[in-house]
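Have the model open in a viewer with residue selection ready. The tour goes from stop to stop, saying what to select and what is there.

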Amino acid sequence: MKQSFMMVVLTFCVFSQYTFSQETVETPEKYTAHNKGKFFIFWGGNRESYSKSDIHFKGADYNFTLYDVEAHDKPKGYHVDYINPGRMTIPQTNFRIGYFINDHYNISIGLDHMKYVMYNDKRVNYSGSYPNAGSYNENPANDQLTLTDDFLLFEHTDGLNYINTEFSRVDDLSKYIGLPNTDKFQINITEGIGAGFLYPKTNTTLLGKNRYDEFHIAGYGLSAKAGLNLTFFKHFFIQAELKGGYINMNDIRTTKDPVDSASQDFWFFQRIIAVGGIFRI
């Protein structure tokens, strides 16, 4: 009887020790399990599309509006300028830096460096008046004219700078598609909204006046985005985004004379590819 009791006690002690040791061995938490407190930064390139826009020009001796003006972006393609420190701001680019306030939400500030070029040699409707009508090969007739180079060149090419703050959400999709180790490879989706101001450098020649091309705060923008993020080895990522929004510029400088100005509003749609890093300080 005494031996049986001792065997029970010994068995209980061994079992308890085994159970305790099992409970205290924990799998190390993955770096990618939580985002709160992390910073991120990225750099990339973009392509843009724009809606048609009514552009209103006014000055001391003219006041007219061009209707349904079309524009395009000015891509550079695959080029070393995207990574050349002395020329990185020349192509259409995106820069952003942000901070995760919790595991899913982050706030960031960035620059969307877009380019907007009005199509020339298009015939458009117009209203209003300007001096020396017909002398710029624009052939005004029946409330229409042709956007010749002599009449008007109009570009935000250095650029259509949208400086904005974004509030975004990020969700890890890895567990839903069976990725075993997110510290090696992780797939996230992101979506967000943003707002900011436009600081374009507008390249303009208007009605034979001298070319003007200076930075100026011209208006505001609103935007929304959705994207896919691929993170490698905890800290490095590639991010693709679709981003659209509304731009309203009610104070565009067109000549050296501050009395001359233009205004327009339009919708934009960006396609962005960026590379970046995520880390804790």
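Start with Lys30, which counts as partly exposed because its relative accessible area is 30%. This residue sits in the loop between helix H1 (2-24) and strand E1. Keep in mind throughout that the model is predicted. Now add Thr182 to the selection: Lys30 and Thr182 are 152 residues apart in sequence, yet their C-alpha atoms are 7.4 Å apart in space.

**The nonpolar patch**

Next, select Ile41, Phe95, Ile97, Ile109, Leu111, Phe279 and Ile281 and switch on the surface; these residues make a nonpolar patch of about 610 Å². Strands E5 and E6 each supply at least two residues of the patch. Pick out Ile109, which belongs to strand E6. With a relative accessible area of 47%, Ile109 is partly exposed.

**The salt bridges**

Turn to the charged side chains. How many salt bridges does a search of the whole structure find? The search gives eleven.

Select Asp112 and Arg96, whose side chains meet in a salt bridge with an N to O distance of 3.8 Å. Asp112 is in strand E6 and Arg96 in strand E5, so this pair ties together parts that are 16 residues apart in sequence. Are these two residues buried or exposed? Both Asp112 and Arg96 are buried.

Then select Glu166 and Lys225, which form a salt bridge whose closest N and O atoms are 2.9 Å apart. Glu166 lies in strand E9 and Lys225 in strand E12, so the pair joins parts that are 59 residues apart in sequence. Glu166 and Lys225 are buried as well.

Display Glu241 and Lys243 along with these two pairs: Arg96, Asp112, Glu166, Lys225, Glu241 and Lys243 are linked in a network of salt bridges.

For another bridge, select Asp171 and Arg169, where the N to O distance is 2.8 Å. Asp171 is buried, with a relative accessible area of 17%, while Arg169 is partly exposed at 25%.

**The second largest cavity**

Go inside the protein now. Two cavities of 30 Å³ or more are counted. The second largest has a volume of about 40 Å³. To outline the second largest cavity, select its lining: Phe42, Asn94, Phe95, Arg96, Leu111, Asp112, Glu166, Glu241, Lys243 and Ile272. Strands E5 (93-100), E6 (105-118) and E13 each give two or more residues to this lining, and the largest share, three residues, comes from E5. Coloured by class, the lining of the second largest cavity shows four nonpolar residues, one polar and five charged.

Some of these names have come up before. Phe95 and Leu111 are part of the nonpolar patch, and Arg96, Asp112, Glu166, Glu241 and Lys243 are members of the salt-bridge network.

**The largest cavity**

Finish at the largest cavity, with a volume of about 230 Å³. Which residues come closest to its centre? Select Phe100, Val170, Asn229, Gln239 and Ile278, the closest of the 19 lining residues. The elements that give two or more residues to this lining are strands E1 (39-50), E9 (152-172), E10 (185-198), E12 (219-232) and E13 (236-253). Colouring by class shows that the lining of the largest cavity has six nonpolar, ten polar and three charged residues.

Technical notes: Residues numbered from 1 in each chain as written. Predicted model: local features only at pLDDT ≥ 70, side-chain atom pairs only at ≥ 80, totals over all residues. Heavy atoms only, no water. 1 Å grid on protein atoms, 1.4 Å probe; cavity = no way out; pocket = protein on both sides within 12 Å on 5 of 7 lines; lining within 4 Å. Points joined across faces, edges and corners; volume = space filled by probe spheres on them. Helix = DSSP H or I, 4+ residues; strand = E, 2+ residues; numbered from the N terminus. Nonpolar A, V, L, I, M, F, W, Y, C, P; charged D, E, K, R; others polar. Patch = residues over 30% accessible without salt bridge, like charges linked within 9 Å, V, L, I, M, F, W, Y side chains within 5 Å. Areas by Shrake-Rupley, 256 points an atom, 1.4 Å probe, with all protein chains shown as cover. Salt bridge = Lys/Arg side-chain N within 4 Å of Asp/Glu carboxyl O. Buried < 20%, exposed > 50% of the residue type's maximum accessible area, 1.4 Å probe, protein only.
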